[in-house]
Structures are given as structure tokens and as C-alpha cells.
Amino acid sequence: MAQNPIWCLIFKMIYNFKNIRGVHLEVTTKCNANCLMCGRNAFGVIRPGLQLTELTLEDCKKIFSPAFLGQLTDISICGVYGDPILARDLLEIIEYIRCNNSNLEIDVYTNGGVHPVSWWEKLSRVLGNGKVIFGIDGLEDTNHIHRRGTVFPLILKNAGAFIQAGGRAEWDFIVFKHNEHQVEQARELSKKLGFKDFQVKRTSRFYKVLYEQDPALEGTSEELGKYPVYDSNGQKSGYIELPENPYYRNDSLETIKILIKEYGSLIQYFDQASIDCKAKQTKGIFVSAEGLVYPCCWVYQQVSYEAIYNVKDRFELNEANILSDAGGIHQISAKEHPLKDIVEGEFFKRIEESWNILGLANGRPKACARACGCRLDMHKRQHKKI
């Protein structure tokens, strides 16, 4: 096994449970929407390999002890495949978390498209000093183009009720060609409604075809900057496109071009990129809606690739193989094992050790090289406040 001795020295410290300060929590894989770029959807429908599930209040009490909650500084209730407001016990889960740490920063990410006003008023009360980030990609005539299945007036009604009840709200706006002309108008509307912040998001998912295997994107490489749209029958019906204004584009593409020129391909860059793990930087972990514990959401998604995406490419399966070699999925279930044993256990240890492997063909985790490679940070570049 090829190793880089410099990075062996830097990452000789294995995950330590008592050092964890943040949790990225996916409470459900259920969602009311069918967003075009969401990983839960393909060919116009929910990916057949996705298990629709959620964490209950009792699950969360078992997974997160009062002592553990007391050591945290933040919990981000977001996830990969679902919208947290679809979890039946969300309010009670937040109330339990808040009761055990009154100073904890709790962030809830949502499209805001379900529940009566009374539910949002209660959310405001149980969140305390936390906040809700509403993903609203346009105005009434455009938001539904990407966030299929949502109703704009209902979202504003819910957000308004939350804000009027004393809640702190932010507006996240993913910019596309079809809505870029509305950014300023949406920003002004957010101020009028009482949102505390308005954030433009510059998605890198237009470039997925360059770095990620996905059957739904096959044959679209010549359409870089366009993302295929499928109807409910699985037929391609068009595209959503990059914004024309470069200010609203994720500028990772320029770095990707440089890396491809220098290394020959992104795969060859991933083979040897120095990895600076964001989860270790922030002292965070990820807990899925099944109660599975991972270092981060990227590793979680990558482990799920074969089952959910029906991908067979061996480079996409390295994380799943690492988990298998560490004892399998049950070894990281917080419903079966204490959180401490998982965080300080074999899977986390093997993931960290795998950063020293050179070459995806030798088992190097692609998600780690892609998300935390030192020369390419597509996630960081998607956020830009105006």
C-alpha cells in the first residue's frame, strides 16, 4: 500500500469522542419535493434504492445522551436525502436537544413547504436561539422549476409565521439561468418579510459529470453547464442551465480545468490530492436517518452509491469496501452501539488511515479526495453573501 509519510504524521490522531463539537443530523429521507438536482431523485422519480425512513424521538434519546449534547456547540439538521420537517418527531427531537443544551446552535434546513402555521410557531419556540434556513430558489413564477412539488405562497406563509413568532430565518437562493434576474428582488422581499440573512448559492452540481458517476447524467458531458430534466415517465424534457452572470456561477470549474491540465484527469488528481478533512477541522460527525454514524455526509453518500445510484464503478465503491472490511453497516449503527464506540471504532480509524493511500485503484476514498482535497473546494465556493 503506497503511503504519504507527511500526511501520516499529520493525521496520526484518530477520532476522539470527547472532542466532537458538531453533529450533522439527517432525521429523515422523506421529502415533499422533487428537486431536479437532489441526490434522492433521478429520471423524474425517487431513486428506487432509497429507503424512506426517519429517526424517532426515542431513537435520538438513545443515540444522543444528555452528556454528549452538553459538549456540543452546534447541530445542523439537514441531511442528504430528505427534508427534516417531514420527520414526525422533529419538534420533540429539537425540544429534547434544547433541554440538554440551552446554548447550542441548532440550524434547520428546509424548503418550508408543509405544515400549518401553528406548527411553525411552535418550531420558533422550541428552537430558541437556533435558526431555519429556507431553500427558496426564485419567486412565485420560478421557485417550483427546481423545487418541484413546492408552492411558493405556502412557503412564504410558513416562513412569515415562523418569523412573526420570533424565529430567526435565512433565505438560501440557488441561482440558475431561469431565476438569476430575480436575485435582487428576492433579497428585497426577504428584508421585507423579516429574514435575518439572504444568501446566494452557486451550485457546483452542473459539473458533476466531470467528477461523479451517475446514470442520470450519462451522455450529458457535451452539455456541460446544463443539467437534464426528466418528466415523471423518465423522458428527458429539457435542461436547467448555469446562470449567464459569472458572479452567480460556482468558479470551481476554472480550478477543475487547471487540475485536468496538470494531472491529465480529475481521477488522477484524486489519486494523490492531499486531504484536509473538514469533519476533523470542525470536530463534527454525521448521523443518518437510519441512525448510522459517519465522519461526514460525503462519506455517507458514497457508501450508499451502489444501492441508491446503481453505480458499479469500482472507484465509487471504495468507501463501501472500507466499511465492509471494518465489520459492515451494523458496526456503525448508533441504535445498536454507543456513539463513543463508533466514533473511536474501526470504521472511523480505517477512513482516516485511507487518506494516506495513493491511488483510487488501491482503495483511496474518492469522496474524501473530492470534498476535502486541498486544491479543490467546490462546497466552500458555493456560498456567497450579497
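Biologist: Which hand does the crossing of H5 and H7 have?

Modeller: In this predicted model, the crossing of H5 and H7 is right-handed. Two packed helices are described by the angle between their axes and by the distance between those axes. Here the axes of H5 and helix H7, residues 152-164, come within 8 Å and cross at roughly 40°. H5 and H7 are therefore oblique to each other, as angles under 35 degrees would be needed to count as roughly parallel.

Biologist: Which residues make the contact between H5 and H7?

Modeller: From H5, look for Val-117, Trp-120, Glu-121, Leu-123, Ser-124 and Leu-127. Facing them from H7 are Lys-157, Asn-158, Ala-161 and Phe-162. Sorted by class, the contact of H5 with H7 holds six nonpolar, two polar and two charged residues.

Biologist: Let me move to H4 and H5. At what angle do their axes cross?

Modeller: The axes of helix H4 (residues 90-100) and helix H5 (residues 117-127) cross at roughly 15° and come within 9 Å. That angle makes H4 roughly parallel to H5. As for the hand, H4 passes H5 in a left-handed crossing.

Biologist: And which side chains should I display for H4 and H5?

Modeller: On the H4 side, pick Leu-90, Leu-91, Glu-92, Ile-94, Glu-95 and Arg-98. They meet Trp-119, Lys-122, Leu-123, Val-126 and Leu-127 in H5. This contact of H4 with H5 divides into seven nonpolar, no polar and four charged residues. You may recognise Leu-123 and Leu-127 of H5 here; the list for the contact with H7 includes Leu-123 and Leu-127 too.

Biologist: Now a pair further along the chain. How are H15 and H17 oriented to each other, parallel or oblique?

Modeller: Start again with the axes: those of helix H15 (residues 318-325) and helix H17 (residues 346-354) come within 9 Å and cross at roughly 135°. H15 and H17 are therefore oblique to each other, since only angles over 145 count as roughly antiparallel. H15 passes H17 in a right-handed crossing. Glu-319, Ile-322, Leu-323 and Asp-325 of H15 make the contact with Phe-347, Arg-350, Ile-351 and Ser-354 of H17. By class, that gives four nonpolar, one polar and three charged residues.

Biologist: Let us turn to the empty spaces. How many cavities of 30 Å³ or more are there?

Modeller: The count comes to four cavities of 30 Å³ or more. A useful way to read a cavity is to take its volume and then its lining. The largest cavity has a volume of about 130 Å³, and 17 residues line it. Leu-36, Asn-41, Ala-42, Phe-43 and Tyr-230 lie nearest its centre.

Biologist: Which strands supply at least two residues of that lining?

Modeller: They are strand S2 (41-42) and strand S9 (226-230). S9 gives the most to the lining of the largest cavity, with four residues. The lining of the largest cavity divides into 11 nonpolar, three polar and three charged residues.

Biologist: How much space lies in the second largest cavity, and which residues are closest to its centre?

Modeller: The second largest cavity holds about 70 Å³ of space. Its lining has 14 residues, and the closest to the centre are Cys-277, Cys-296, Val-299, Cys-368 and Cys-372. Helix H12 (278-282), helix H13 (297-303) and helix H18 (366-372) each give two or more residues to this lining.

Biologist: Which element gives the most to the lining of the second largest cavity?

Modeller: H18 does, with four residues. By class, the lining of the second largest cavity has 13 nonpolar, no polar and one charged residues.

Technical notes
Residues are numbered from 1 along each chain as its sequence is written. This is a predicted model: local features need pLDDT of at least 70, side-chain atom pairs count only at pLDDT 80 or more; totals for chains, interfaces and linings use all residues. Side-chain values use heavy atoms; hydrogens and water are left out. On a 1 Å grid over the protein atoms alone, a cavity is a set of points where a 1.4 Å probe fits but cannot get out, and a pocket is an open set with protein on both sides within 12 Å along at least five of seven lines; lining residues have an atom within 4 Å of a point. Grid points are joined across faces, edges and corners, and a volume is the space filled by probe spheres set on the points. Ala, Val, Leu, Ile, Met, Phe, Trp, Tyr, Cys and Pro count as nonpolar, Asp, Glu, Lys and Arg as charged, and the others, Gly among them, as polar. Axes are lines fitted to C-alpha atoms, for helices over the stretch in contact, and angles run from 0 to 180 degrees between N-to-C directions. Angles under 35 degrees count as roughly parallel, over 145 as roughly antiparallel, 65 to 115 as roughly perpendicular and the rest as oblique. A crossing is left-handed if the near helix is turned anticlockwise from the far one by less than a right angle, and right-handed if clockwise. Contact means heavy atoms within 4.5 Å.
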